[in-house]
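Got the viewer open? Let's take a short walk through this one, selection by selection.

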Amino acid sequence: MIRTQIQLTKSQAVALKRLAASKNVSIAQLIRRSIDQTLGTTHSVSLDERRKRALGVIGTFSSGQGNFTQWHDDLID
């Protein structure tokens, strides 16, 4: 890792310290996670993978209405 130094406002430092304590992580870890999220490097899922996941749930849930496709236009109007 590369050591770096940043300057925070007092309110930012207090808020970070509180948040880090509540998550039981260090302030440095919290900052690294925030940077990763901002840069989009953490848990980045490709468009193809998101599409595959979305299509994968089709038909896995039921409304309990067996004939829904026959009268869905009536529900929307």
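**Start with the whole chain**

Show the surface before anything else: the accessible area of the chain is about 7,400 Å², with carbon and sulfur atoms accounting for 54% of it. Keep in mind that you're looking at a predicted model. Of the 77 residues in the chain, 4% are buried.

Now switch to cartoon. You'll find four helices and zero strands, so read from one end to the other the pattern is α-α-α-α.

**Stop 1: helix H1**

Select residues 10–23, which make up helix H1. How far apart are its end C-alpha atoms? Put a distance label on them and you should get 20 Å, which agrees with the 20 Å expected for 14 residues at 1.5 Å a residue. Then click on Asn24, which follows H1: its phi is positive, near 55°.

**Stop 2: helix H3 and its salt bridges**

Jump to residues 47–56, helix H3, and turn on the side chains. The structure holds two salt bridges, and this is the place to look for them.

Pick Asp48 and Arg51 to see one of them, where the closest N and O atoms are 3.5 Å apart. Why can these two residues meet? Asp48 and Arg51 sit three residues apart in helix H3, so about one helical turn separates them. As a reminder, an α-helix has 3.6 residues a turn, so residues three or four places apart point the same way.

Colour by accessibility here. Is Asp48 buried or exposed? Asp48 is exposed, at 57% relative accessible area, whereas Arg51 comes out at 44% and counts as partly exposed.

Next, select Glu49 and Arg53. Their side chains form a salt bridge too, with an N to O distance of 3.0 Å. Glu49 and Arg53 are four residues apart in H3, again about one turn of the helix. Glu49 is partly exposed, with 28% relative accessible area; the cut-off for buried is under 20%.

**Stop 3: the largest pocket**

For the last stop, go looking for empty space. Rolling a probe the size of a water molecule over the atoms shows where it is left.

The largest pocket has a volume of about 340 Å³. Which residues line the largest pocket? Select Met1, Ile2, Arg3, Thr4, Gln5 and Ile6, then add Ala28, Ile31, Arg32 and Ile35. Colour that selection by class and the lining splits into six nonpolar, two polar and two charged residues.

Technical notes: Residues numbered from 1 in each chain as written. Predicted model: local features only at pLDDT ≥ 70, side-chain atom pairs only at ≥ 80, totals over all residues. Heavy atoms only, no water. Salt bridge = Lys/Arg side-chain N within 4 Å of Asp/Glu carboxyl O. Helix = DSSP H or I, 4+ residues; strand = E, 2+ residues; numbered from the N terminus. Buried < 20%, exposed > 50% of the residue type's maximum accessible area, 1.4 Å probe, protein only. Areas by Shrake-Rupley, 256 points an atom, 1.4 Å probe, with all protein chains shown as cover. 1 Å grid on protein atoms, 1.4 Å probe; cavity = no way out; pocket = protein on both sides within 12 Å on 5 of 7 lines; lining within 4 Å. Points joined across faces, edges and corners; volume = space filled by probe spheres on them. Nonpolar A, V, L, I, M, F, W, Y, C, P; charged D, E, K, R; others polar. Expected span 1.5 Å × (residues − 1).
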